[in-house]
Amino acid sequence: MSLSVQLYTMLSMIAMGSYIGAAIDTYHRFSKRRSSYHWFVACNDVMFWLMQALVVFYVLLQTNHGEIRFYVFLALICGYAAYQAMLRPFYRGLLERCIMLTVSIYKGIVTLFRYLVMKPVTFILKLLYSLCMMIVTGCTAVILFLLRLVLVPLRGLALLLLKWTGLLTYVKKSEPIFAKIKEFIKSMRKKKE
């Protein structure tokens, strides 16, 4: 293996050591730590470290065809130490600013959606509901008025016909029978309840 490939591999592994430090800080920032053992956290930790190992091996595979040498581990440790000593405060501040920016963008999008979509849609739906209720109420009032116009003369005509034919006396005689039937139906309903 040539010296330039070894130098390129060492620089790549130093960069990967710094990347692992940043990835650990990012992971700890977003993961919820619990005081007791929890299997979900353990599974997340295992998946995190498997992903980091795969990323490091992929970079190693691209730089020197996956040959693992002692200096690879030294370069990883040096990169991690360089991150901890020099880059960690800068990266953590940048990460917090990015999180705050993302949260504020999300809140802005939610607020825009609420004011540009939800409020107009609810206003239009309330307006349509009010219009429909006005139309239904108006139509009901008109229909009831028309029924009264038709039924009042028909009732008077029916009473007149009953008087002329003499059936009105029979109807008045049968009213107690209808009252008893009505009472019987009411008592049956009370028994069912």
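In this predicted model, the side chains of R88 and D25 form a salt bridge, with an N to O distance of 3.2 Å. R88 belongs to helix α3 and D25 to helix α1, so the pair ties together parts that are 63 residues apart in sequence. D25 also meets R92 in a salt bridge, and a search of the whole structure finds 4 salt bridges. Away from these charged pairs, the largest nonpolar core has 13 residues.

**The network around D25**

- Salt bridges with shared partners join D25, R88 and R92 into one network.
- The contact between R92 and D25 is 3.8 Å, N to O, which falls within the 4 Å cut-off for a salt bridge.
- R92 is in helix α3 and D25 is in helix α1, so this pair ties together parts that are 67 residues apart in sequence.
- D25 counts as buried because its relative accessibility is 6%, and the limit for buried is under 20%.
- R88 is partly exposed, with a relative accessible area of 25%.
- R92 also counts as partly exposed, at 40% relative accessibility.
- As a general point, side chains of opposite charge can pair when their charged atoms come close.

**The R69 and E67 pair**

- Another salt bridge is made by the side chains of R69 and E67, at 2.7 Å from N to O.
- R69 has a relative accessibility of 38% and therefore counts as partly exposed.
- E67, at 32% relative accessibility, is likewise partly exposed.

**The nonpolar core**

- Within the largest nonpolar core, the residues with the most contacts are M13, M16, I20, F48, V56, V72 and L76.
- Three helices each supply at least two residues of this core: α1 (3-30), α2 (39-64) and α3 (70-165).
- Helix α1 provides the largest share of the core, with 6 residues.
- In soluble globular proteins, nonpolar side chains tend to be buried together.

**Contacts of F48**

- F48 is one of the core residues with the most contacts inside the core.
- Leaving aside residues up to four places away in sequence, F48 touches A23, I24 and Y27.

**Helices α1 and α3 in both settings**

- Helices α1 and α3 are among the helices that each supply at least two residues to the largest nonpolar core.
- The charged pair of R88 in α3 and D25 in α1 links these helices as well, as does the pair of R92 in α3 and D25 in α1.

Terms used:
Residues are numbered from 1 along each chain as its sequence is written. This is a predicted model: local features need pLDDT of at least 70, side-chain atom pairs count only at pLDDT 80 or more; totals for chains, interfaces and linings use all residues. Side-chain values use heavy atoms; hydrogens and water are left out. A nonpolar core is a set of buried Ala, Val, Leu, Ile, Met, Phe, Trp, Tyr and Cys residues joined through side-chain atoms within 4.5 Å. Buried means under 20% relative accessible area, exposed over 50%, partly exposed in between (1.4 Å probe, protein chains only). Helices (H or I, at least four residues) and strands (E, at least two) are DSSP runs, numbered from the N terminus. Contact means heavy atoms within 4.5 Å.
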